[in-house]
Amino acid sequence: MDKPFLANLRKIDPYVPGEQPQSADFIKLNANENPYPPAPGVRQVLRTFDTDSLALYPDSTGRRLQNALAERFGIKPTQVFLGNGSDDVLALSFQSFFCSDKPILYPDITYSFYPVWCELFRIPHEAVPLDEDFCVNIRGYDRPNGGVVLPNPNAPTGRGVSIDVLEDLLQHNADCVVIIDEAYVDFGAQSALPLLDQYENLLIVQTMSKSRSLAGLRIGYALGSETLINTLEAVKNAYNSYTLDTLAIAVGEAAVRDEAYFRETCRRIVATRERTADALRELGFVVHPSLTNFLFVMHTKKDASVIFDFLRQKNIYIRYFKLPRIDNYLRVTIGTDEQMDRMIAVLKEFL
Ligand code: PMP
């Protein structure tokens with residue numbers, strides 16, 4: 001080999017995020033972003049932000065935002081860990097808690113970043129099949145494992161499980177860390193929050209990218225026992241102490257403190273979701289029940305890839321995963337009523 005260093009380079013199949021179109025006129029329904037702007041307080045923070053403060057490093061624990069989140073969830077600030085988007089929090093959690101030789105378990109159809117982190121950090125892993133309706137088979141997790149990751153509700157299927165099912169999962173997995181990824185929980189699912197007091201091995205991960213309209217700022221957080229949060233802090237400080245910048249801490253706090261705006265935008269998205277589901281069913285789509293800000297759908301006559309390509313030509317971007325079991329499905333993020341009406345009109349013309 002004439003370039004021996006190549007043998008030492010890391011080879012990995014990365015996660016592929018939804019396309020960010022560059023054209024001016026498009027409808028973007030491919031990354032589960034929020035169609036509404038962040039809370040009004042966010043604009044106020046940005047207008048009055050003291051730029052001189054950027055000369056200093058940020059507060060590495062993000063105390064102001066930690067306190068705001070602790071108040072909102074009725075827990076101690078020492079039970080809150082902040083990161084640069086929940087992808088950062090999840091990646092650190094995989095490194096912090098999945099150090100066993102046994103495989104970690106997660107659903108076979110789920111957030112496609114999980115297997116990528118397992119490969120990156122060399123964590124053994126096994127996928128537990130969802131049933132035919134894409135529901136979680138909780139008994140599939142009753143076996144020796146090095147940890148469990150369950151998104152609730154799941155992505156890209158949109159289905160959720162009740163808090164009783166989550167408690168059952170925790171009771172059968174007391175010897176490992178159980179991560180519940182609640183990226184979409186604010187659109188109608190039950191949070192595992194009431195179980196935090198009882199289960200020291202439970203870590204809940206949430207994000208401000210979806211229900212708080214802050215995908216561009218990158219804020220995620222974990223809620224858990226002090227044992228888990230202290231471990232995350234230590235691993236973070238062994239890697240990069242300042243994952244959240246000063247601006248993100250201030251903006252995140254403003255977003256968390258506006259409960260009324262948060263509730264109203266979530267309510268609107270849920271209403272648009274149900275309207276869109278009905279309209280898609282009328283066009284011959286099978287629409288799975290969703291507790292998220294997206295719909296997982298399949299057409300009874302047309303191939304998913306054909307519909308995807310057609311919409312893309314019309315500058316409407318949705319998501320298609322060419323993966324086993326779901327290669328005839330489409331994931332459609334819920335936008336505004338106007339955006340969804342436009343998509344339905346274009347589909348009607350096509351079908
Ligand atoms: N978990 C799930 C299930 C997701 O779909 C996403 C969004 N791609 C994330 C976590 C990460 O979101 P973020 O890094 O923007 O917080």
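**Exercise 1. Sort the shell around the ligand into nonpolar, polar and charged residues.**

Solution. The shell around the ligand in this predicted model divides into 4 nonpolar, 4 polar and 4 charged residues. Let us go through the names. The residues around the ligand include Leu90, Tyr111, Ala183 and Tyr184, which count as nonpolar. Next come Gly85, Ser86, Thr207 and Ser209, which count as polar, Gly among them. Asp87, Asp181, Lys210 and Arg218 complete the list, and they count as charged.

**Exercise 2. Find which helix gives the most to this shell.**

Solution. Start from the residue numbers: Gly85, Ser86, Asp87 and Leu90 are among the residues around the ligand. Now compare them with helix 3, which spans residues 85–97. Helix 3 gives the most to the shell, with 4 residues.

**Exercise 3. Describe the polar contacts of the ligand with Ser86, Thr207 and Ser209.**

Solution. The cut-off for such a pair of N or O atoms is 3.5 Å. Take the backbone first: an N or O atom in the backbone of Ser86 is 2.7 Å from a ligand oxygen. Then turn to the side chains. Thr207 places a polar side-chain atom 2.6 Å from an oxygen atom of the ligand. For Ser209, an N or O atom of the side chain is 2.6 Å from a ligand oxygen. Of the 400 Å² of accessible area that the ligand has on its own, 92% is covered by the protein. As for its place in the protein, the ligand takes up the space of the largest pocket.

**Exercise 4. Look for unusual backbone geometry in the loops.**

Solution. A reminder helps here: most residues other than glycine have a negative phi, and most peptide bonds are trans. Begin with the loop between strand 5 (147–151) and helix 5 (163–171), where Pro153 is found. A cis peptide bond joins Asn152 and Pro153, with omega about -5 degrees. Pro156 also lies in the loop between strand 5 and helix 5, and a cis peptide bond links Ala155 to Pro156, with omega about 5 degrees. Finally, move to the loop between strand 7 (202–207) and strand 8 (220–224), which holds Ser213. Ser213 is not a glycine, yet its phi is positive, at about 55 degrees.

**Exercise 5. Check whether the radius of gyration agrees with that of a compact globule.**

Solution. The chain has 10 helices and 13 strands. Its C-alpha atoms fill a box of roughly 60 × 55 × 50 Å along the principal axes. For 351 residues, a compact globule would have a radius of gyration near 20 Å. The chain has 21 Å, so the two agree.

Methods: Residues are numbered from 1 along each chain as its sequence is written. This is a predicted model: local features need pLDDT of at least 70, side-chain atom pairs count only at pLDDT 80 or more; totals for chains, interfaces and linings use all residues. Side-chain values use heavy atoms; hydrogens and water are left out. A residue is near a molecule or strand if one of its heavy atoms lies within 4 Å of it. A polar contact is a pair of N or O atoms within 3.5 Å; within protein, one must be able to donate a hydrogen and the other to accept it, and residues adjacent in sequence count only if both atoms are side-chain atoms. Accessible areas come from the Shrake-Rupley method with a 1.4 Å probe; for residues, only the protein chains shown count as cover. On a 1 Å grid over the protein atoms alone, a cavity is a set of points where a 1.4 Å probe fits but cannot get out, and a pocket is an open set with protein on both sides within 12 Å along at least five of seven lines; lining residues have an atom within 4 Å of a point. A molecule sits in a cavity or pocket if more than half of its atoms lie within 2 Å of its grid points. Helices (H or I, at least four residues) and strands (E, at least two) are DSSP runs, numbered from the N terminus. The radius of gyration is taken over C-alpha atoms; the globule rule is 2.2 Å times the number of residues to the power 0.38.
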